[in-house]
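Here are some notes on helix packing and buried residues, set out as numbered points. Please read them with the structure open.

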Amino acid sequence: LFSFPKDYETWRLIMLVIVLDVFVILPVHVAITTVLFPNADQQEVITMFEEASNYSVILLAFTVSILTPFAEEFLFRGFILGMLMKRYSETQSIIASAIIFAIVHEPIARVLAFGGGLLYGWLRVRTGSIFPSIIAHAIWNGFITIVVILY
């Protein structure tokens, strides 16, 4: 779980997850969110970025892009997914952990979190390590953070 596979295949899978996040999960999220939350305010984290000072933006970006993926991946793909796989199939465990992951996110972000949870869970199971999912999650959060800051 805590070893990092250093082979080319692992990096290929990480990039595949990022591409699926950007070109599948994000458009599905936007479509569903537009239908379910047509008048919704922005996510709380986006508002925090908008209201933050320059120093706070840097600290917030670091937290969202680096610390959050570590914490969430250790909890959801490390502990929760690991516990579920002791009793259920890999597929059932990935889906259940993704549902739990989505539930703890804001309602407007749940579709995105569920999709990410599926991808990061699959990556964790496929590689046998938590670190590829941490890297993919950090790249994703970093990408979204840059978009929010530049927006």
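How are helix 3 and helix 4 oriented to each other?

1. The model is a predicted one. In it, helix 3 covers residues 54-85 and helix 4 covers residues 90-103, and their axes come within 9 Å and cross at roughly 140°. Helix 3 and helix 4 are therefore oblique to each other. The cut-off matters here, because only angles over 145 degrees count as roughly antiparallel. The crossing of this pair is right-handed.

2. On the helix 3 side, the contact with helix 4 uses Glu72, Phe76, Arg77, Ile80, Leu81, Leu84 and Met85. On the helix 4 side it uses Glu90, Ser93, Ile94, Ala96, Ser97, Ile100 and Phe101. By class, these residues are nine nonpolar, two polar and three charged.

3. Helix 3 also packs on helix 6: the two axes come within 9 Å and cross at roughly 150°. These two helices are therefore roughly antiparallel to each other, and their crossing is right-handed. Helix 3 contributes Val57, Ala61, Val64, Ser65, Thr68, Pro69, Phe70, Glu72, Glu73, Phe74 and Arg77 to the contact. Helix 6 contributes Phe131, Ser133, Ile134, His137, Ala138, Asn141, Gly142, Thr145 and Ile149. The division by class is 10 nonpolar, seven polar and three charged. Glu72 and Arg77 of helix 3 are listed in this contact and also in the contact with helix 4.

4. Ile134 is a residue of helix 6. Is Ile134 buried or exposed? Its relative accessibility is 3%, so Ile134 counts as buried. Leaving aside neighbours within four places in sequence, Ile134 touches Pro69, Phe70, Glu73 and Phe74, and each of these four belongs to the helix 3 side of the contact with helix 6. For Pro69, the C-alpha to C-alpha distance from Ile134 is 5.7 Å, at a sequence separation of 65 residues.

5. Helix 5 (residues 110-127) is another partner of helix 6 (residues 131-150), with an angle of about 150° between them and their axes 8 Å apart. That angle makes helix 5 roughly antiparallel to helix 6. The crossing of helix 5 and helix 6 is right-handed. Leu112, Tyr120, Leu123, Arg124 and Thr127 of helix 5 meet Pro132, Ser133, Ala136, His137 and Trp140 of helix 6. Six of the residues in this contact are nonpolar, three are polar and one is charged. Ser133 and His137 of helix 6 take part here and in the contact with helix 3 as well.

6. Which residues make up the largest nonpolar core? It has 11 residues in all: Leu13, Ile14, Val17, Ile18, Ile25, Leu112, Leu119, Tyr120, Leu123, Ala136 and Trp140. Helix 1 (8-36), helix 5 and helix 6 are the elements that give two or more residues to this core. The largest share, five residues, comes from helix 1.

7. Ala136 is one of the core residues and is also part of the contact of helix 6 with helix 5. Outside its neighbours within four places in sequence, Ala136 is in contact with Ile14, Val17, Ile18, Tyr120 and Leu123.

8. Val125 sits in helix 5. With 18% relative accessibility, Val125 counts as buried, because the cut-off for buried is under 20%. Its contacts, apart from neighbours within four places in sequence, are Leu81, Met85, Glu90 and Ile94. These four residues also appear in the contact between helix 3 and helix 4. Val125 and Leu81 lie 44 residues apart in sequence, with 8.9 Å between their C-alpha atoms.

9. Phe49 belongs to helix 2 (residues 44-51) and counts as buried at 8% relative accessibility. Its contacts beyond four places in sequence are Val57, Leu60, Ala61, Val64, Thr145, Val148 and Ile149. Among them, Val57, Ala61, Val64, Thr145 and Ile149 are listed in the contact of helix 3 with helix 6. By contrast, the C-alpha atoms of Phe49 and Phe101 are separated by 23 Å, with their positions 52 residues apart along the chain.

10. Ala109 is in the loop between helix 4 and helix 5. This loop residue is buried, with a relative accessible area of 6%.

Conventions: Residues numbered from 1 in each chain as written. Predicted model: local features only at pLDDT ≥ 70, side-chain atom pairs only at ≥ 80, totals over all residues. Heavy atoms only, no water. Axes fitted to C-alpha atoms, helices over the stretch in contact; angles between N-to-C directions. Parallel < 35°, antiparallel > 145°, perpendicular 65-115°, else oblique. Left-handed = near helix turned anticlockwise from the far one by under 90°. Contact = heavy atoms within 4.5 Å. Nonpolar A, V, L, I, M, F, W, Y, C, P; charged D, E, K, R; others polar. Core = buried A, V, L, I, M, F, W, Y, C linked by side-chain atoms within 4.5 Å. Buried < 20%, exposed > 50% of the residue type's maximum accessible area, 1.4 Å probe, protein only.
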